[in-house]
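Here are my notes on the model you sent over. I hope they are handy to read alongside the viewer.

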Amino acid sequence: MPPVLVYTLSRIGLFLVTLLVLFLAGLQNPLFLILASFLISGIASYVLLSKQRDAMSARISDRLDRPKAEDD
């Protein structure tokens, strides 16, 4: 599976888990629920998904460093 897809799906999954946990903990206001979930999942992903983020950035860097084929 491509590293970009793995990282993106992991971030979405972490956000949804955080959203569910905060909802079950009693946070009912939709605006605060989404904002708190975004903030907490962002911090958690910085710590938990560093390996996936490194793989994704290496993949993107490799793609950008490839020479482009020029049409004559």
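The points below go through one helix, its neighbours and a few single residues.

1. A word on the source: this is a predicted model. Please read each value below as computed from that prediction.

2. Let's begin with helix α1. Its 22 residues reach 31 Å from the first C-alpha to the last, which is close to the 32 Å expected at 1.5 Å a residue.

3. Which residues of α1 are buried? They are P3, Y7, L14, T18 and L22. These buried residues sit on the same side of α1, because they cover an arc of only 70° around the axis. As background, an α-helix has 3.6 residues a turn, so residues three or four places apart point the same way. The cover over the buried residues of α1 includes α2 (30–48) and α3.

4. Next comes the packing of α1 on α3. Two packed helices are described by the angle between their axes and the distance between the axes. Here the axes of α1 (residues 3–24) and α3 (residues 50–65) come within 8 Å, and they cross at roughly 145°. The crossing of α1 past α3 is left-handed.

5. Which residues make the contact of α1 with α3? From α1 come P3, V4, V6 and Y7, and on α3 they meet Q52, R53, A55, M56, R59 and I60. By type, the residues of this contact divide into seven nonpolar, one polar and two charged. P3 and Y7 also appear among the buried residues of α1.

6. T18 and S37 are worth viewing as a pair. T18 lies in helix α1 and S37 in helix α2. Leaving aside residues up to four places away in sequence, T18 touches S37, I40 and S41. With the same neighbours in sequence set aside, S37 touches F15, T18, L19 and L22.

7. Are T18 and S37 buried or exposed? T18 has a relative accessible area of 11%, so it counts as buried, the cut-off being under 20%. S37 is at 0% relative accessibility and therefore counts as buried too.

8. Finally, have a look at G26, which follows α1 and has a positive phi, near 115°. G26 is placed in the loop between α1 and α2. Because its relative accessibility is 46%, G26 counts as partly exposed. The C-alpha atoms of G26 and P67 are separated by 53 Å, and these two residues are 41 residues apart along the chain.

Conventions: Residues are numbered from 1 along each chain as its sequence is written. This is a predicted model: local features need pLDDT of at least 70, side-chain atom pairs count only at pLDDT 80 or more; totals for chains, interfaces and linings use all residues. Side-chain values use heavy atoms; hydrogens and water are left out. Axes are lines fitted to C-alpha atoms, for helices over the stretch in contact, and angles run from 0 to 180 degrees between N-to-C directions. Helices (H or I, at least four residues) and strands (E, at least two) are DSSP runs, numbered from the N terminus. A crossing is left-handed if the near helix is turned anticlockwise from the far one by less than a right angle, and right-handed if clockwise. Contact means heavy atoms within 4.5 Å. Ala, Val, Leu, Ile, Met, Phe, Trp, Tyr, Cys and Pro count as nonpolar, Asp, Glu, Lys and Arg as charged, and the others, Gly among them, as polar. The expected span of a helix is 1.5 Å times one less than its number of residues. Buried means under 20% relative accessible area, exposed over 50%, partly exposed in between (1.4 Å probe, protein chains only). The arc is that of the directions from the helix axis to the C-beta atoms.
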